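Please walk through this protein from its surface to its interior, keeping the sequence and the coordinates side by side.

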Amino acid sequence: SFLLSGSRERYQFMMHVSIMIFIGFGYLMTFLRKHGYSAVGFTFLVSVMTIELTMLLYPVIAMVHKNDFHTIDVDVTLIIEGLFASAAVMISFGALLGKVSPGQMLFL
């Protein structure tokens, strides 16, 4: 599997996905005339919250499922999983941009 390969390849993969999330989706959302400037800020806010929550909840849910509690090791693989979760939220974000408020975006 790719995620089991060397750390340099995983780091490069993480950086490419990060650029896609923050730059790609951020500036993709600027096509709306009314929300063009705020779309980049909303993208950063929602992406960061999604990545942080995924990095916290994914290991906790796995530990509860296995009934094996230990400290959470943050590594590049966990960050990549957070970025993929953020990509799924960004796709939903694109459908809702301009229709909901920033508070409702965070609840998404």
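A residue is called exposed when its relative accessible area is over 50%, and buried when that area is under 20%. By that cut-off Asn67, with a relative accessible area of 62%, is exposed. The model in view is a predicted one, and Asn67, which sits in the loop between helix 2 and helix 3, has a phi near 55 degrees, a positive value in a residue other than glycine.

With that residue as a starting point, the overall architecture can be set out. The protein contains four helices and zero strands, so that, read from the N terminus on, its elements follow the order α-α-α-α. Taken along the principal axes, the box filled by the C-alpha atoms is roughly 50 × 30 × 15 Å. Of the contacts with a separation of 6 or more, 62% join residues that are 24 or more positions apart.

Confidence should be kept in mind throughout. The average pLDDT of the protein is 83, and 92% of the residues score at least 70. Among the elements, helix 2 has the highest mean pLDDT, at 88, whereas helix 4, covering residues 102–107, has the lowest, at 74. Where pLDDT is low, the predicted coordinates should not be read in detail.

The surface comes next. The protein exposes about 7200 Å², and carbon and sulfur atoms supply 68% of that area. A nonpolar surface patch of about 810 Å² is formed by Leu53, Leu56, Leu57, Val60, Ile61 and Val64, together with Phe69, Ile72 and Val74. Val64, one of the residues of this patch, belongs to helix 2, and it counts as exposed because its relative accessibility is 52%, which is over the 50% cut-off.

From here the description turns inward. Buried residues make up 31% of the 108 residues in the protein. The largest nonpolar core has 20 residues, and within it Ile21, Phe93 and Leu97 have the most contacts. Helix 1 (7–28), helix 2 (36–66) and helix 3 (76–96) each supply at least two residues of this core, and helix 3 gives the most, with seven residues.

Which residues are in contact with Ile21, once its neighbours within four places in sequence are left aside? They are Gly26, Thr43, Ser47, Leu83, Ser86 and Ala87. Two of these partners, Thr43 and Ser86, can be followed further.

Thr43 lies in helix 2 and is buried, because its relative accessible area is 0%, under the 20% cut-off. Apart from its neighbours within four places in sequence, Thr43 is in contact with Ile21, Phe25, Gly26 and Met29, as well as with Met90 and Phe93. Ile21 and Phe93, both named here as partners of Thr43, are also among the residues with the most contacts inside the largest nonpolar core.

Ser86, for its part, is found in helix 3 and likewise counts as buried, since its relative accessibility is 0%. Not counting residues up to four places away in sequence, Ser86 touches Ile21, Ser47, Thr50 and Ile51. Ile21 is therefore in contact with two residues, Thr43 and Ser86, that are each buried with 0% relative accessible area.

Definitions and conventions. Residues are numbered from 1 along each chain as its sequence is written. This is a predicted model: local features need pLDDT of at least 70, side-chain atom pairs count only at pLDDT 80 or more; totals for chains, interfaces and linings use all residues. Side-chain values use heavy atoms; hydrogens and water are left out. A nonpolar core is a set of buried Ala, Val, Leu, Ile, Met, Phe, Trp, Tyr and Cys residues joined through side-chain atoms within 4.5 Å. Buried means under 20% relative accessible area, exposed over 50%, partly exposed in between (1.4 Å probe, protein chains only). Contact means heavy atoms within 4.5 Å. Patches are made of residues with over 30% relative accessible area and no salt bridge: like charges are joined within 9 Å, nonpolar side chains (Val, Leu, Ile, Met, Phe, Trp, Tyr) within 5 Å. Accessible areas come from the Shrake-Rupley method with a 1.4 Å probe; for residues, only the protein chains shown count as cover. A salt bridge is a side-chain nitrogen of Lys or Arg within 4 Å of a carboxyl oxygen of Asp or Glu. pLDDT is the predictor's confidence in each residue, from 0 to 100.
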